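Please look through the sequence and the 3D structure shown below before reading on. The paragraphs that follow begin with a single side chain and then move outward to the whole chain.

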Amino acid sequence: MGERRHTRVTLVKIPRILEEYLEEYSEPVEIGHIEERGTSNVLKISTQLGPQNFPREWIIEPLEAKTGVFTFVQKPHGAFIDGVITDEVYAKPKITPEYLKYKRERSAVLNVKKDVKSVDSLKEGIRMERYGATEYDIMARKRKKMLMEKKRERLSKTEVMDIIFRAFEEYPYWSVKDLADRSGQPLAYIQELLPDIAVLNKKTHRNMYELKPEYKNNS
């Protein structure tokens with residue numbers, strides 16, 4: 001018997017705002033079509049998907065494909081290889097005023113519950129004293145190493161913006177360092193992107209950023 005040839009598959013990675021609408025379907029569904037525009041491809045999302053103001057044009061960016069990655073199909077007797085992934089791409093929306101408006105409206109609908117964590121400085125002081133300076137320095141170095149190991153390769157501006165917006169949906173004030181840790185991106189990269197959507201709070205939360213008024217949840 002000859003070697004079985006698997007179907008060649010293109011893996012399309014998408015942001016959460018598109019994924020949450022696709023999760024509504026339990027069966028395969030056509031979400032749109034791809035148009036060639038010069039050297040780039042654009043995914044045109046069907047008007048049947050998402051609300052009326054949902055972003056309809058998504059840029060398709062190629063990613064470095066990984067070898068040995070397969071898709072599987074579940075059958076009564078187990079899971080079987082259905083295809084081999086030969087290409088990987090990322091679908092990202094154009095960052096336009098319309099897209100940012102949609103992000104603001106989405107934030108208002110989500111009405112995310114904001115949790116505030118308090119830090120007991122006395123307990124922190126006791127913990128430092130208990131471990132001693134040497135042990136505490138070792139712990140700090142280990143934590144820094146762990147954070148460095150978590151650093152991912154530099155993501156696209158759209159991907160990082162999406163992470164930052166999600167962070168502000170959970171809590172209104174963030175430091176540059178915390179956003180860098182959350183996104184796994186270089187500190188300088190976050191500092192470069194933040195001025196587009198956020199301002200430095202100079203009153204109640206000094207040295208922390210908050211969204212510009214036009215991007216805040218006004219509900």
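Is K177 buried, partly exposed or exposed? With a relative accessible area of 48%, K177 is partly exposed, and this places it under the cut-off of over 50% that would make a residue count as exposed. Please keep in mind, here and throughout, that the model is predicted, and that every value in this text is computed from it.

The side chain of K177 meets that of D181 in a salt bridge, with 3.1 Å from N to O. D181 is likewise partly exposed, its relative accessible area being 23%. Both residues belong to helix α5, which covers residues 176–183, and because they are 4 residues apart there, about one helical turn separates them. The background to this is that an α-helix has 3.6 residues a turn, so residues three or four places apart point the same way.

A second pair can be found in helix α4, which covers residues 157–170 and holds both D162 and R166, again 4 residues apart, or about one turn of the helix. These two form a salt bridge whose closest N and O atoms are 3.0 Å apart. The partners differ in how they are covered, for D162 is buried, with a relative accessible area of 4%, whereas R166 is partly exposed, at 32%.

How many of the 14 residues of α4 are buried? The number is 10, so this helix is largely enclosed by the rest of the structure. Among the buried residues of α4 are V160, M161, I163, I164, F165 and F168, and D162 and E169 also belong to this group. The length of the helix can be checked too: at 1.5 Å a residue, α4 should span 20 Å, and its end C-alpha atoms are indeed 20 Å apart, which agrees.

Salt bridges also occur outside these two helices. R37 forms one with E35, and the closest N and O atoms of that pair are 3.2 Å apart. Both partners are partly exposed, R37 with a relative accessible area of 32% and E35 with 27%. In total the structure holds 9 salt bridges.

Turning to the protein chain as a whole, one finds 6 helices and 8 strands, and, read along the sequence, they follow the pattern β-α-β-β-β-β-β-α-α-α-α-α-β-β. The chain has 219 residues, of which 28% count as buried. It exposes about 15700 Å², and carbon and sulfur atoms supply 52% of that area. Among the contacts in the chain with a separation of 6 or more, 60% are accounted for by residues 24 or more positions apart in the sequence.

A careful reader will also ask how confident the predictor is. The mean pLDDT of the protein chain is 75, and 76% of its residues reach 70 or more. Over residues 113–133, however, the pLDDT is below 50, and this stretch has 12 contacts in the model beyond near neighbours in sequence. Which elements of the protein chain have the lowest and the highest mean pLDDT? The lowest mean, 50, belongs to helix α3 (residues 121–150), and the highest, 91, to helix α6 (residues 187–193).

Technical notes. Residues numbered from 1 in each chain as written. Predicted model: local features only at pLDDT ≥ 70, side-chain atom pairs only at ≥ 80, totals over all residues. Heavy atoms only, no water. pLDDT = per-residue confidence, 0-100. Helix = DSSP H or I, 4+ residues; strand = E, 2+ residues; numbered from the N terminus. Contact = heavy atoms within 4.5 Å. Salt bridge = Lys/Arg side-chain N within 4 Å of Asp/Glu carboxyl O. Buried < 20%, exposed > 50% of the residue type's maximum accessible area, 1.4 Å probe, protein only. Areas by Shrake-Rupley, 256 points an atom, 1.4 Å probe, with all protein chains shown as cover. Expected span 1.5 Å × (residues − 1).
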